[in-house]
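Please work through the exercises below with the sequence and the model side by side. Try each task before reading its solution.

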Amino acid sequence: MIIDSHLHVWSDDEARYPYGEVSRPETGDRASVELLNEHMAEAGVEKAVIVQPIHYLYDNRYVADCLARFPGRFAAVCLVDPKDPAAPDQLEELVRGRGFGGMRLHLSRQDDPSALAASDQDPLWRRVEELSVCLIVLGRATELPALEPIVDRFPDVKVVLDHLGGPPVGEEPTHPLLGNVLRMARYPNVYVKVSNMNRMSKVPYPHRDTHDMVRRIYDAFGPERLMWGTDFPHVLTAGGYVHALELVRDELDFLTNEDKDWLFSGTVQKVWNFE
């Protein structure tokens, strides 16, 4: 089985699912669940984790409706304002009432990323722990140290770093920012998505300038804490959906067949329940 751990969908029907004030797709940038299913079928991908797109901000209805329409095919991650005192209850309603399996934290949307590790965030993390769901983290590698205190306080909360944890390609040999990602391996509850390599790379497919970085993350975390993802629909303008699969399956020559089983299905099923 192959599971895509990271992608986004939004509806072609803006009247029914209006975009928020923060962001909207570029004209003609389609990402309906129907289009996603076409690309998954072409690549032989059976299941996927939908991440609430920023275009809808905290209106999670479209993703929730996709879960209801395709039971067992998708898991999903919602967006809730982590600074809202009602965030724990809002998350619980989305988990228990709509089937979500966690929420996303945007470090870069905070003036100070350390605000998401302050003590006033403990009730939210405690509720995540009680619900047995996860937190996924989008940010730059420069911002990861700000989150470490709360990751350390909640060792039973599964935390998943999006897009390799956000290190830059082409760092100087000491790799200080990649080091921020590697340091997170000390926390057994932290996982990493092997995703977005095609958009991070500065060279054509198979994007060899990213391979050493992935190898270092692999050596630090082990395959049991890595999962593959495409970042659909953005991948469609950066090599295509199938290429994103082939990149990890065929081009990362340090991965064994057992490793690939973890990246393509084993690890993601430790974090999300598709039933």
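The exercises go from strands to a helix, then to loops and charged pairs.

The model is a predicted one, in which local features need pLDDT of at least 70 and side-chain atom pairs count only at pLDDT 80 or more, while totals for chains, interfaces and linings use all residues. Residues are numbered from 1 along each chain as its sequence is written, and side-chain values use heavy atoms, with hydrogens and water left out.

**Exercise 1. Strand β2 and its partners**

Task: Find which strands pair with β2 and in what sense, and decide whether the faces of β2 are covered or open.

Solution: Begin by locating strand β2 at residues 47-51, where strands (E, at least two residues) and helices (H or I, at least four residues) are DSSP runs numbered from the N terminus. Next, look to strand β1 (residues 3-7), which pairs with β2 in the parallel sense over 3 bridges; two strands count as paired if DSSP finds at least two bridges between them. In this pairing, D4 stands opposite A48 of β2. Between these two strands the chain passes through helix α1 (residues 33-43), making a right-handed β-α-β crossover, a term that applies if, with the strands pointing away from the viewer, the path from the first strand over the helix to the second runs clockwise.

Then turn to strand β3 (residues 74-77), which is also parallel to β2, with 4 bridges, and in which F74 is the bridge partner of A48. Here too the β-α-β unit, made of β2, α2 and β3, is right-handed.

Finally, consider burial, where buried means under 20% relative accessible area, exposed over 50%, and partly exposed in between (1.4 Å probe, protein chains only). K47, V49 and V51 are buried on one side of β2, and A48 and I50 are buried on the other. Because 5 of the 5 residues of β2 are buried, the strand is largely enclosed by the rest of the structure.

**Exercise 2. The buried side of helix α9**

Task: List the buried residues of helix α9 and say why they lie on the same side of the helix.

Solution: Going along α9, residues 241-251, one finds that the buried residues are Y241, A244, L245, L247 and V248. They lie on the same side of α9 because they cover an arc of only 150 degrees around the axis, the arc being that of the directions from the helix axis to the C-beta atoms.

**Exercise 3. Backbone features in the loops**

Task: Identify which peptide bonds, ending at P206 and P233, are cis or trans, and give the phi values of H163 and D231.

Solution: As background, most residues other than glycine have a negative phi, and most peptide bonds are trans. Start with the peptide bond from Y205 to P206, which is cis with omega near 15 degrees; P206 belongs to the loop between α7 (197-200) and α8.

Continue to the loop between β8 (226-228) and α9, where P233 is found, and where the bond from F232 to P233 is cis with omega near 0 degrees. D231 lies in the loop between β8 and α9 as well; its phi is positive, near 65 degrees, and D231 is buried at 3% relative accessibility.

Last comes the loop between β6 and α6, which holds H163, a residue with a positive phi near 50 degrees and a relative accessibility of 10%, which counts as buried. D162 lies in the loop between β6 (158-161) and α6 (176-183), and at 1% relative accessibility D162 is buried. Apart from neighbours within four places in sequence, D162 is in contact (heavy atoms within 4.5 Å) with H6, R104, I136, V137, L138 and K193.

**Exercise 4. Charged pairs**

Task: How many salt bridges does the structure hold, and which residue does R98 pair with?

Solution: A salt bridge is a side-chain nitrogen of Lys or Arg within 4 Å of a carboxyl oxygen of Asp or Glu, and the structure holds 20 of them. R98 pairs with D65, their closest N and O atoms being 3.0 Å apart. This pair links distant parts of the chain, since R98 is in helix α3 (residues 87-98) and D65 in helix α2 (residues 61-69), 33 residues apart. R98 is partly exposed at 33% relative accessibility, and D65 is partly exposed at 21%.

For contrast in sequence spacing, take D219 and R215, which both lie in helix α8 (residues 211-221), 4 residues apart, about one turn of the helix. Their closest N and O atoms are 3.0 Å apart in a salt bridge. To finish, trace the network of salt bridges that links D89, E92, R96, R127 and E130.
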